[in-house]
Amino acid sequence: MLVLSRAIGEVISIGDDIAVHVLAIHGTQVKLGVDAPAGAQVHRAEANRVLLERQNAATHPVVVPNP
């Protein structure tokens with residue numbers, strides 16, 4: 001893992017066509033902007049986890065027995 005320190009307004013380049021911009025820093029939160037080609041998929045890790053949980057729930061519904 002590469003660890004970088006950047007200031008507001010600075011950019012991290014990934015390859016030739018992806019750029020990550022540091023937009024704001026508020027306490028322990030950092031706001032990033034990502035420039036990537038239209039076909040590139042950019043996701044937050046927690047969004048992928050939620051999507052997988054929803055897909056799993058749809059394919060394996062919870063059955064609640066009637067009393």
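Strands β2 and β3 of this predicted model run antiparallel and are joined by seven bridges. One residue pair that can be picked out along this ladder is A24, whose bridge partner in β3 is K31. The two strands form a hairpin with two residues between them, and in this hairpin G27 takes a positive phi near 65°.

On its other pairing, β2 is joined to β1 by four bridges, and these two strands also run antiparallel. Here S13 can serve as a point of reference, since its bridge partner in β2 is A19. Taken together, the strands make an open sheet of three, in the order β1-β2-β3, with antiparallel pairing. Because β1 (11-14) and β3 (29-35) stand at the edges and each has a single partner strand, one side of each is left without a neighbour in the sheet. Neighbouring strands of this sheet are turned against each other by 25° on average, when direction is ignored.

From the sheet one can step back to the chain as a whole, whose secondary structure comes to one helix and three strands. Read along the sequence, these elements follow the pattern β-β-β-α. Among the contacts between residues at least 6 apart in sequence, 0% join residues that are at least 24 apart. Buried residues make up 7% of the 67 residues in the chain, and the chain exposes about 6100 Å², of which carbon and sulfur atoms supply 58%.

Which residues does V20 touch, if those up to four places away in sequence are not counted? V20 lies in strand β2, which spans residues 18-26, and V20 touches E10, V11, I12, I14, L32, G33 and V34. With the cut-off for burial set at under 20% relative accessible area, V20 counts as buried because its relative accessibility is 15%. A further spatial relation of V20 involves D35, which is 15 residues apart from it along the chain, while the C-alpha atoms of the two are separated by 6.4 Å.

Strand β2 also holds I25, a residue that differs from V20 in its class of accessibility: I25 has a relative accessible area of 38% and is therefore partly exposed, whereas V20 counts as buried. I25 belongs to a nonpolar patch on the surface, which it forms with I8, V30 and L32, and the accessible area of these residues together is about 360 Å². L32, one of the members of this patch, is also among the residues that V20 touches.

The last feature to consider is a charged pair. Side chains of opposite charge can pair when their charged atoms come close. A search of the whole structure finds one salt bridge, and the side chains that meet in a salt bridge are those of R6 and E10, at 3.7 Å from N to O. Is each of these residues buried, partly exposed or exposed? R6 counts as partly exposed because its relative accessibility is 40%, and E10, with a relative accessible area of 31%, is partly exposed as well. E10 also leads back to the sheet, for it is included among the residues touched by V20, which lies in strand β2.

Note on methods: Residues numbered from 1 in each chain as written. Predicted model: local features only at pLDDT ≥ 70, side-chain atom pairs only at ≥ 80, totals over all residues. Heavy atoms only, no water. Buried < 20%, exposed > 50% of the residue type's maximum accessible area, 1.4 Å probe, protein only. Contact = heavy atoms within 4.5 Å. Areas by Shrake-Rupley, 256 points an atom, 1.4 Å probe, with all protein chains shown as cover. Pairing = 2+ DSSP bridges. Axes fitted to C-alpha atoms, helices over the stretch in contact; angles between N-to-C directions. Patch = residues over 30% accessible without salt bridge, like charges linked within 9 Å, V, L, I, M, F, W, Y side chains within 5 Å. Salt bridge = Lys/Arg side-chain N within 4 Å of Asp/Glu carboxyl O.
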